[in-house]
Amino acid sequence: MELILEQMPIVLPALNAGFIQTLKLFLVTLVGALPLGLVIAFGAMSRFKPLSLLTKLVIWIVRGTPLMIQLLIIYYFPGLVLDNPIWGSGEKGRFLAASVAFVFNYACYFAEIYRGGIQSVPIGQEEAGLVLGMTKTQIFFRVKLLQMIKRIVPPVSNEIITLVKDTSLSRIIALQEVIWAGQAFMKGTQGISGAIWPLFFTAVYYLIFSGVLTVLLGKLEQKLEYFR
Amino acid sequence: MSVLLEVEHIEKSFEETKVLKDVSFSLNEGEVVSIIGSSGSGKTTLLRCLNFLETPDEGVIKVANEVLLDMKNPATLKESEIRKKRLRFGLVFQSFNLFPQYTALENVMLAKELLAKEQPEYKLRKKEIQEEIKALSVKLLQQMGLSERMNNYPHQLSGGQCQRVAIARALALRPDILCFDEPTSALDPELTGEVLRVIKELADQNTTMIIVTHEMAFARDVANKVIFMDDGVIVEQGDPKEVFENPKEERTKQFLARYKQG
């Protein structure tokens, strides 16, 4: 215990720095995947068969394979197989590759949630809008959108909480996120080596972060409870 | 009294099933027609054709001598025009279809506001127009006996109240013809009275209406004309008293007899 307290001033800043990288990946994924998911959802629902089939195939592959493998392929394939290291070197390159993998993976999950949300709004809502002389666009934005959002907030919240922890998968391509930072003290860095507790301690970061998000997303859900 | 609506030779099939077969009728301004018949007889599909929610395979629909739809004339089928033509008709659904995220008042105002925004003078007189729409909507809800309920959301209202909001919402656009698709079928029995009462009031004010209903006493009481449909055809139409008391067709007799037995 004494040792931990002694090492704390060195370990915490390192973990904080790692957590910043975790947070960055988390935010980039959300900002990219939330809208991209809508595009993919519309693709999957398209009446143009080739497009909807292709989109569904992509969704199947992305959701049917581990994110970890997607990360490895996206990061290493261009450089090692195609001899064209498009991601560049160092932490910047790793972050770029991880961002692409995460955005694409999560967009596919969001797309399926959106699709369910869009299709769950009863047809009567659209028909009521039509007989009142509204355009399809007006019906989407003024009638259906909020009902959709209400339906998708719980499952999207679930994905967001999962994403908090999934960011740790980027450790596999050595992105210097919080787990990587904790592990560094096992191998030895800044005069500390063979310490396992910093790695265990990273769990606290995830726990606090997901706790904060749970409260915020719960508030959003509550805000939409004024109608049924 | 002038003829307001003329429906001529409407045919409609879904896949292989013929749902409407050569349906023709007309309706005078200020009159009410009740359409009765068992489930699956094509009543609802007919209303949906009038409101352009379904496109018939054949036939003509005219309102005030203007051809709104003629399946032989492609010029009448343009998507952009259909939106305006729909406004000739109002439709009250069996399941209300109120917008859940809006209050009763907002439900009534929404479509009217969106239409007003398309008018060139909207930007100049925005406040004024919005006030007008609000005043009209409030008046309609009062007329429906909902003065106390205007700011409630649909889930806070009873079925009968919801249906009265839906009627106000349809009336706000001042349709030439207001259609009702089994307006009381989704209601608890004790709530049908309040909805039928407002429809009766509208009839007394000479609102032109088409009412599809299973409430036989009401159909007879409110209508100037009754249409009995069976298996996609109009079997019999005429004066309510005649149709209910002296039906000429065997199928009408059987249908009415079944209703009397309960």
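Start with the buried face of α3(B): Ala104(B), Leu105(B), Asn107(B), Val108(B), Met109(B), Leu110(B), Ala111(B), Glu113(B), Leu114(B), Leu115(B) and Ala116(B) are its buried residues. That makes eleven of 14, so to speak a mostly covered helix. Keep in mind that this is a predicted model.

**Helix α3 of chain B**
- Chain A lends a hand with the covering: α6 (136–166) of chain A is among the elements over the buried residues of α3(B), along with α2 (79–86), α4 (126–143) and α5 (159–171) of chain B.
- The helix runs over residues 104–117, and because each residue should add 1.5 Å, its expected span is 20 Å; the end C-alpha atoms sit 21 Å apart, which agrees.
- There's a kink of about 35° along the way, centred on Leu110(B), and Leu110(B) is also one of the buried residues.

**Where chains A and B meet**
- Contact involves 19 residues of chain A and 25 of chain B.
- Together the two chains bury about 2,100 Å², with carbon and sulfur atoms giving 61% of that.
- On the chain A side, Val131(A), Leu132(A) and Arg142(A) lose the most area to chain B, together 33% of what that side buries.

**Polar links across the interface**
- The rule finds one salt bridge between chain A and chain B.
- Arg48(B) and Glu127(A) pair up through their side chains in a salt bridge, at 2.7 Å from N to O.
- Nine residue pairs are in polar contact between the chains, counting those with both residues at pLDDT 80 or more.
- On the side of chain A that touches chain B, α5 (123–131) and α6 of chain A are the elements giving two or more residues, and α5(A) has the largest share with seven.

Terms used. Residues numbered from 1 in each chain as written. Chains lettered and ligands numbered in written order. Predicted model: local features only at pLDDT ≥ 70, side-chain atom pairs only at ≥ 80, totals over all residues. Heavy atoms only, no water. Helix = DSSP H or I, 4+ residues; strand = E, 2+ residues; numbered from the N terminus. Expected span 1.5 Å × (residues − 1). Bend = angle between axes of the 7 residues up to and from the residue. Buried < 20%, exposed > 50% of the residue type's maximum accessible area, 1.4 Å probe, protein only. Contact = heavy atoms within 4.5 Å. Buried area = accessible area lost by both parts, 1.4 Å probe. Salt bridge = Lys/Arg side-chain N within 4 Å of Asp/Glu carboxyl O. Polar contact = N/O pair within 3.5 Å; in protein donor to acceptor, adjacent residues only side chain to side chain.
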